[in-house]
Amino acid sequence: MGANVDLAMFDEDETIERIKASEVSVEGFVARYDRENVPVVIEGAIEHWPAVAERLWSKDALVERHGATRFACGLADLTLGEYFQYSAATREEVPIYLFDKAFGEKEPGLVDEYEVPEYFGREDFFAELAADVRPRFRWFLIWPARSGSTFHKDPNYTSAWNGLVSGKKKWVLFPPPYTPPGVFPSGDGWDVTAPLSLASWFLNFYADSRSPDAPVQPVLAVQKPGDVLFIPAQWWHTALNLEESIAVTQNYVSQSNLP
């Protein structure tokens, strides 16, 4: 999305339900959201993480401790220090983002600085798989403003959660079996044809997707620091980063989506 496009135009009221971690039990979450396959934002579920409470995942702290470590950034590996320099300066329509699935092996300390929120950790059949056969399940994320992944469903019929440490993200989610406008998956779902950039989708399809005449209304969320977003299995979703953002996400399998 060009540097002269005001991202605030996409930062409007959301339609997703919000709950507070202090007011919802694990059993309540499972009954209302997990079993019903309904997305929700959980507030206050990660405030105790060292990454948040001790600001260990602030930009300065990350660079000081891990600045020389190389992480996956698109088709290249950059040191964290190099990546933050790029992120601060970029004005590209499709910025490169840091999206590393092996961060736990590269920097095990990062894994110790967050924990799976209790709503997703008590029952995760994905975690029962041996390490040598378990598909990749967690990612460390740093996104510049205007960046984001195009529409996709998470693999292996998994659900996911995304904990935002800093920044702001605009999410658009479509329930199964509906496919977002402008997105054309192959019959087996492995290949997806869509606009070349997330910016193109927002500029060409976002307004129409929210029209009262649209066959299905998307679920919209503006994720803020401390928010955990639950993404149910088989929901199409995308996120536009309204600010530089730092997050962690994991995929999991509960009894609800095990079949």
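Me: What makes E7 and E12 a strand pair in this predicted model?
Reply: Pairing requires at least two bridges between two strands. Strand E7 (residues 159–166) and E12 are joined by four bridges, in the antiparallel sense. The requirement is met, so they count as paired. Within this pair, Ala-160 stands opposite Ile-231 in E12.

Me: What pairs with E12 through Val-40 and Phe-230?
Reply: Strand E2 (residues 40–43) does, again over four bridges and in the antiparallel sense. Val-40 stands opposite Phe-230 in E12.

Me: Why is E12 called mostly covered?
Reply: Buried means under 20% relative accessible area. Five of the five residues in E12 (residues 227–231) are buried.

Me: Which residues of E12 cover its two sides?
Reply: Asp-227, Leu-229 and Ile-231 lie on one side, and Val-228 and Phe-230 on the other. Every one of these is buried, and both faces of E12 are covered. The split fits a general pattern: in a regular strand the side chains alternate between the two faces of the sheet.

Me: How do you know that E6 is largely enclosed by the rest of the structure?
Reply: Six of its six residues are buried, so E6 is largely enclosed. One side of E6 carries Arg-138, Phe-140 and Ile-142. The other carries Trp-139, Leu-141 and Trp-143. Both faces are covered, with all of these residues buried.

Me: What makes E5 and E14 partners of E6?
Reply: The bridge counts do, set against a minimum of at least two. Three bridges join E5 to E6, and the two run antiparallel. Six bridges join E6 to E14, also antiparallel. Ile-142 figures in both pairs: Leu-98 stands opposite Ile-142 in E6, and Ile-142 stands opposite Ile-246 in E14.

Me: Why is Ser-87 called buried?
Reply: The cut-off is under 20% relative accessible area. Ser-87 has 8% relative accessibility, so it counts as buried. Ser-87 is found in helix H4.

Me: Which residues does Ser-87 touch, leaving out those up to four places away in sequence?
Reply: Pro-144 and Glu-244. Touching here means heavy atoms within 4.5 Å. As for Leu-98, it is eleven residues from Ser-87 along the chain, and their C-alpha atoms are separated by 9.5 Å.

Me: Which residues of H4 are buried, and what covers them?
Reply: In H4 (residues 80–89), the buried residues are Leu-80, Gly-81, Tyr-83, Phe-84, Tyr-86 and Ser-87. Their cover includes helix H3 (59–66) and the strands E3 (70–73), E4 (76–79), E5 (98–100), E6 (138–143) and E14 (245–252). In general, an α-helix has 3.6 residues a turn, so residues three or four places apart point the same way.

Me: How many helices and strands does the chain have, and why is it called as compact as a globular protein of its length?
Reply: It has eight helices and 14 strands. The radius of gyration is 18 Å, and the globule rule gives 18 Å for 259 residues, so the chain is as compact as a globular protein of that length. The C-alpha trace spans about 50 × 45 × 35 Å along its principal axes.

Me: What share of the residues counts as buried, and what share of contacts joins residues at least 24 apart?
Reply: Of the 259 residues, 50% count as buried. Among contacts between residues at least 6 apart in sequence, 80% join residues at least 24 apart.

Notes:
Residues are numbered from 1 along each chain as its sequence is written. This is a predicted model: local features need pLDDT of at least 70, side-chain atom pairs count only at pLDDT 80 or more; totals for chains, interfaces and linings use all residues. Side-chain values use heavy atoms; hydrogens and water are left out. The radius of gyration is taken over C-alpha atoms; the globule rule is 2.2 Å times the number of residues to the power 0.38. Buried means under 20% relative accessible area, exposed over 50%, partly exposed in between (1.4 Å probe, protein chains only).
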